[in-house]
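Here is a short report on salt bridges and on how the chains are arranged. Have the structure open while you read.

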There are 2 protein chains.
Amino acid sequence: MKKYSGKPVGFGQVDLKDGFWHTQQELVREVTIDAVYDRFEETGRFEALKGEWKEGMPFKPHIFWDSDVTKWMEGAAYYLRKKPDAALEEKLDMLVERMEKLQTEDGYLNSYFTTVEPEARFTRRLDHELYCAGHLIEGALAYYAATGKRKMLDLTIRYIDLIDRIFRVEHSAAFDTPGHQEIEMALVKLYQFTGEIRYKELAEYFMDMRGCSPKDEENTGEDPVSFQSHLPVRKQKTAQGHAVRMLYQLCAMADLALLNQEEEMTEACETLFDNIVQRRMHITGGVGSTYLAEAFTFDYDLPELTTYNETCASIALAMFCRRMWLIEADRKYADCAELALYNTVLSGMSLSGDRFFYENPLAADPKRNQFNQSRKETIREHLPILERVKVFDCSCCPPNLVRTMGAIGDYMYSVSENTVYAHCYMDAEAKICLQEGEICLRQRTQYPYDGKIDLETGTAGDYTIALRIPGWCSSYRILVNGEPAVYTLEKGYACLRRVWQEKDHVVLDLAMPVELVEANPSVPNLCGRVAVMRGPITFCAEGIDNQALSLRDIRIRNASDFAVSMEEICGRKMPVLSGRASVRKEFEAFYRTYRGEEESVPWKLIPYFAWANRGVSEMNVWFLKA
Amino acid sequence: MKKYSGKPVGFGQVDLKDGFWHTQQELVREVTIDAVYDRFEETGRFEALKGEWKEGMPFKPHIFWDSDVTKWMEGAAYYLRKKPDAALEEKLDMLVERMEKLQTEDGYLNSYFTTVEPEARFTRRLDHELYCAGHLIEGALAYYAATGKRKMLDLTIRYIDLIDRIFRVEHSAAFDTPGHQEIEMALVKLYQFTGEIRYKELAEYFMDMRGCSPKDEENTGEDPVSFQSHLPVRKQKTAQGHAVRMLYQLCAMADLALLNQEEEMTEACETLFDNIVQRRMHITGGVGSTYLAEAFTFDYDLPELTTYNETCASIALAMFCRRMWLIEADRKYADCAELALYNTVLSGMSLSGDRFFYENPLAADPKRNQFNQSRKETIREHLPILERVKVFDCSCCPPNLVRTMGAIGDYMYSVSENTVYAHCYMDAEAKICLQEGEICLRQRTQYPYDGKIDLETGTAGDYTIALRIPGWCSSYRILVNGEPAVYTLEKGYACLRRVWQEKDHVVLDLAMPVELVEANPSVPNLCGRVAVMRGPITFCAEGIDNQALSLRDIRIRNASDFAVSMEEICGRKMPVLSGRASVRKEFEAFYRTYRGEEESVPWKLIPYFAWANRGVSEMNVWFLKA
């Protein structure tokens with residue numbers, strides 16, 4: 001494809017019909033939306049919007065609460081857009097009413113600062129003010145798209161106009177750029193919706209000033225790396241600091257690179273993408289190896305028990321990938337998006353839809369957590385929790401999951417001129433605008449549980465269908481109407497150009513064997529170990545399925561030792577791997593001369609995303625290679 | 001041997017002549033004694049004894065400084081006892097002068113409380129007051145033994161008599177037992193020296209009240225486990241809390257068990273010994289797996305990079321073992337003492353003798369430390385340092401090394417009736433009191449670099465020589481005057497009873513091959529890995545000797561693949577292991593389908609105690625087993 005020629009096909013054009021993501025999306029519709037709403041109601045997040053809090057009252061508003069609310073609104077609106085729901089719409093309307101009353105005369109709109117510290121407006125860079133404003137934009141656009149009601153959008157625009165004046169025109173705030181990136185990509189969306197160039201310029205202003213502002217430095221002190229202010233964004237070569245901030249920044253960088261067709265920005269995006277995916281990402285698509293400042297660390301640092309791997313960071317990684325494939329269709333972006341979505345993002349929520357992980361480690365040792373909990377609080381180490389909870393104090397992940405699942409269709413397609421790119425495979429019907437007009441495509445698939453994708457054209461015409469051949473796939477077949485297809489392979493996409501008839505069938509058959517994956521020898525703790533994957537899904541073993549086995553001692557001989565079967569876990573069917581492996585025979589000695597006495601044992605693996613749904617249990621992803 | 005019949009043979013009866021410990025002892029005499037003295041002088045520790053500090057002056061005394069001073073005095077006195085040194089004696093005399101002036105009329109003697117907080121005497125259990133008093137006793141006894149001067153002993157006794165009155169008679173302190181155990185074993189020593197039963201009774205009082213005192217609980221709050229006050233000492237079954245405190249407590253428990261021939265106390269000691277050595281000790285004899293409260297953690301928790309393994313804790317472990325073999329001669333105690341002494345204790349000091357480690361990890365990753373140092377202080381993780389330093393704020397380890405090396409001869413022998421037990425082998429001459437009279441023994445050996453020990457009797461008579469056959473040794477030979485010896489094997493000791501003549505030669509030849517050692521499968525991070533040992537010495541690989549190799553990826557096939565040679569490191573000859581091992585061939589991909597492409601590479605291991613003497617370097621102890 002011609003660089004910078006990509007255009008998104010939004011989830012609005014895509015209707016999931018069946019299969020993996022349909023199930024997941026419906027779970028969120030039926031359970032998660034209300035579950036998150038109820039928790040937010042209970043914790044005062046919606047109450048805060050009334051602007052009535054006073055010292056001494058319960059539920060003191062918090063600096064990031066508004067973003068929780070608008071992120072939930074955004075997600076709820078995505079669902080509403082697809083299917084009317086009067087009760088849900090009423091809740092949204094009610095929240096918009098509260099916002100309208102909360103907004104001050106000059107347009108300012110933030111429940112924390114308005115009620116708790118009105119004098120502190122725009123004085124503290126790290127207090128999430130612009131971050132909340134960004135999520136407000138995204139919520140308003142989604143609400144408008146779902147309901148056609150302009151109220152939230154209008155009050156948002158008033159607020160953004162205030163921000164534009166204060167920051168870009170008057171420079172009268174105590175800092176120049178957001179301490180937590182987000183508003184930049186939201187401003188691009190607002191620009192694209194309104195056509196108002198000022199919003200793009202404000203996004204560019206925030207982006208260009210980052211790492212160049214003495215005011216920012218003074219405002220935030222000695223830790224510029226944590227919020228990516230150590231260098232101008234175009235000079236950043238390695239992913240550093242807070243992972244979600246880094247990746248939200250990259251989303252906006254990619255947005256602006258595309259809009260402006262800017263090579264320097266594009267190169268920075270590519271360099272940072274490669275640094276993340278080739279040096280700093282877990283096999284589950286999890287990123288951010290330390291809880292200390294929720295941050296990226298250094299190349300090849302992939303701790304298993306203690307890695308942070310925030311759910312939001314993997315969501316942001318997928319969002320970044322989706323932007324990158326608009327700049328250039330390279331399968332590496334969709335490979336990465338799928339790794340994140342199918343593993344860490346989904347691990348972020350329970351199979352029941354109402355409980356969440358913030359951190360997503362690659363191993364769990366209940367004995368360690370138990371000991372830690374037994375200690376006085378001041379001498380505990382930080383460890384990821386081992387069971388999902390209903391709400392967090394900092395509850396960004398649950399509503400982020402709602403909006404991601406609501407808009408999961410975003411990940412299916414993009415277009416460039418007369419080519420439609422099929423990135424992530426889902427069972428869905430789509431209407432797609434090509435240069436020459438709209439076409440319909442119907443995908444039928446059980447992907448990622450099965451590698452077969454049946455794509456039916458709904459529209460005749462001369463156009464190209466570009467099918468992603470995932471990086472993990474070493475053998476595949478493409479048939480058009482039962483005959484071997486003619487195609488060219490471009491950066492991992494099989495491009496089928498022909499004059500299509502209605503109801504032509506393209507069948508892509510991706511071989512999806514179980515694979516043993518090794519990490520680069522530079523990753524110290526993964527030496528001697530392999531992960532088990534099938535397609536984009538990373539597998540893990542849990543104690544509950546493998547009682548009396550020391551999971552860390554299991555030695556895998558061959559990938560072919562596994563049998564795949566579909567089994568139900570907590571009411572959800574999913575592939576489970578069964579096989580035999582070796583472990584050392586138990587012995588009493590603490591240390592002894594090595595004997596190499598092993599025995600063969602049966603064992604079982606489940607998809608990583610399904611872990612921790614059946615109580616606290618040991619869990620492991622990387623196993624010894626026999 | 002009859003239980004409880006053991007008697008120590010102190011280092012005063014033993015003169016090292018050559019070999020491993022002689023070299024080490026002379027290094028401390030020539031370098032370490034002065035190096036520690038100079039650092040203590042520079043940091044105001046000796047100045048504090050003048051009692052002249054006032055608010056606003058530099059070098060504010062610290063609650064544990066007195067213990068640093070008296071521990072150094074104890075060590076220096078051990079050397080002085082063996083060899084006159086006027087300058088050293090002058091320093092000791094000067095310190096005693098200062099103490100004399102510092103002591104208040106009622107006998108109180110503590111530089112911190114006297115000058116900084118006189119009103120806070122005996123009010124804060126965790127402030128090391130009794131700990132300092134304990135080290136004062138040990139210093140005073142050592143000084144007296146070396147110089148025959150009673151001054152320090154007399155003022156110590158005045159102070160201890162005050163403590164006895166306050167704590168045991170009047171119960172007028174704000175707590176009942178020491179927050180940091182130490183004084184208990186010192187009181188036993190004082191009792192043994194003076195014959196004054198009150199001192200033993202005070203030790204017993206402290207021991208019996210521990211874990212039973214509401215006053216202690218009130219004084220120290222919610223964390224009784226950290227200082228072993230969660231249970232009466234006889235009920236403690238697992239090693240918990242601060243490692244040095246735990247082990248100093250065990251030393252006193254063993255002392256009292258022996259003195260009182262008390263079964264319940266003995267069983268508690270045995271249970272705790274087994275818990276430590278069979279569940280919570282590194283292959284280097286290091287204990288205390290977490291820096292958080294410098295503590296024991298839980299069974300099978302042996303982190304490599306982050307373990308604490310304080311030098312003092314391994315010294316204390318050896319001290320405990322030495323007491324246990326008086327209760328009952330079982331080789332497991334000397335096995336453990338050697339593991340601690342030859343590995344973690346010695347790792348605690350540089351080959352140059354003037355730099356020290358407090359923490360002794362089993363792996364070092366300079367990239368991790370470098371990244372960590374690059375971060376803002378508030379978001380750093382705690383990591384062991386990778387190069388030894390000259391002094392610590394809390395500098396207990398350096399003077400503890402001085403006294404341990406000065407008294408290393410303590411670890412050679414013990415007696416029981418007419419049997420002399422040879423525990424740790426050293427090249428030395430000894431005078432040993434048996435029931436039937438004094439005998440002389442001369443050991444000649446290059447142990448632990450060579451397994452041959454030649455023992456020459458200097459005294460004729462009917463007695464038993466019991467030679468420890470180390471647990472690591474699976475093949476050995478014993479000759480008496482060139483003929484196979486007749487002996488019985490009792491708990492790992494080959495007991496040779498005969499009517500000895502002067503100049504009889506017993507030759508014990510311990511086969512000392514390189515061994516690969518595996519840890520119990522319950523240790524998660526050591527699964528799939530082996531350590532390399534030869535005799536009691538644990539080996540490690542350092543980056544500096546193995547450039548361009550990923551140490552964590554090295555796979556060892558057989559112990560017989562190693563060649564042993566004596567090489568010089570920093571001027572010290574020691575055994576070095578060379579061999580070939582496999583590593584994965586380098587590849588660029590971050591993740592890929594497992595290929596198993598390995599190549600054979602030459603590599604080299606050095607004794608663990610010698611690591612980190614040639615600059616910052618990667619280090620590893622546990623290697624993959626091919």
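## A bridge between two loops in chain B

Start with B:R280 and B:D299, whose side chains form a salt bridge in this predicted model, at 2.8 Å from N to O. B:R280 sits in the loop between α11 and β4 (295–296) of chain B, while B:D299 is in the loop between β4 and α12 (311–327), so the bridge ties together parts of the chain that are 19 residues apart in sequence.

How do the two ends fare for burial? B:R280 has a relative accessible area of just 8%, so it counts as buried because the cut-off is under 20%. B:D299 comes in at 26%, which makes it partly exposed.

## Another loop pair in chain B

Next up are B:E262 and B:R234, which also meet side chain to side chain in a salt bridge, this time at 2.7 Å from N to O. These two link distant parts of chain B, 28 residues apart. You'll find B:E262 in the loop between α10 (243–260) and α11 (263–279), and B:R234 in the loop between α9 (214–220) and β3 (241–242). B:E262 counts as buried, with 17% relative accessibility.

## Strand to strand in chain A

Over in chain A, the side chains of A:E598 and A:R555 pair up in a salt bridge, with 3.2 Å from N to O. Here the partners belong to strands: A:E598 to β24 (residues 598–607) and A:R555 to β20 (residues 555–556). They are 43 residues apart, so this is a link between distant parts of the chain.

Which end is buried, and which is partly exposed? A:R555 is the buried one, at 9% relative accessible area, whereas A:E598 is partly exposed at 30%.

## The wider set of bridges

Those pairs come from a longer list: the structure holds 119 salt bridges over all chains. Some residues are joined into a network of salt bridges. One such network takes in A:E518 from chain A along with B:D553, B:R555, B:R584, B:R592, B:R595, B:E597 and B:E598 from chain B.

## How the two copies line up

Now for the chains as wholes. Turn chain B by 180 degrees, with 0.0 Å of shift along the axis, and it superposes on chain A with an RMSD of 0.0 Å. That is the relation of a two-fold axis. Looking for a landmark? In chain B, the C-alpha nearest the axis belongs to B:G528, 3.8 Å from it.

Both copies use the same surface: 100% of the contact residues of chain B recur in chain A.

How values were computed: Residues are numbered from 1 along each chain as its sequence is written. Chains are lettered from A and ligands numbered from 1 in the order in which they are written. This is a predicted model: local features need pLDDT of at least 70, side-chain atom pairs count only at pLDDT 80 or more; totals for chains, interfaces and linings use all residues. Side-chain values use heavy atoms; hydrogens and water are left out. A salt bridge is a side-chain nitrogen of Lys or Arg within 4 Å of a carboxyl oxygen of Asp or Glu. Helices (H or I, at least four residues) and strands (E, at least two) are DSSP runs, numbered from the N terminus. Buried means under 20% relative accessible area, exposed over 50%, partly exposed in between (1.4 Å probe, protein chains only). Copies are superposed by least squares on the C-alpha atoms of residues with pLDDT of at least 70 in both. Contact means heavy atoms within 4.5 Å.
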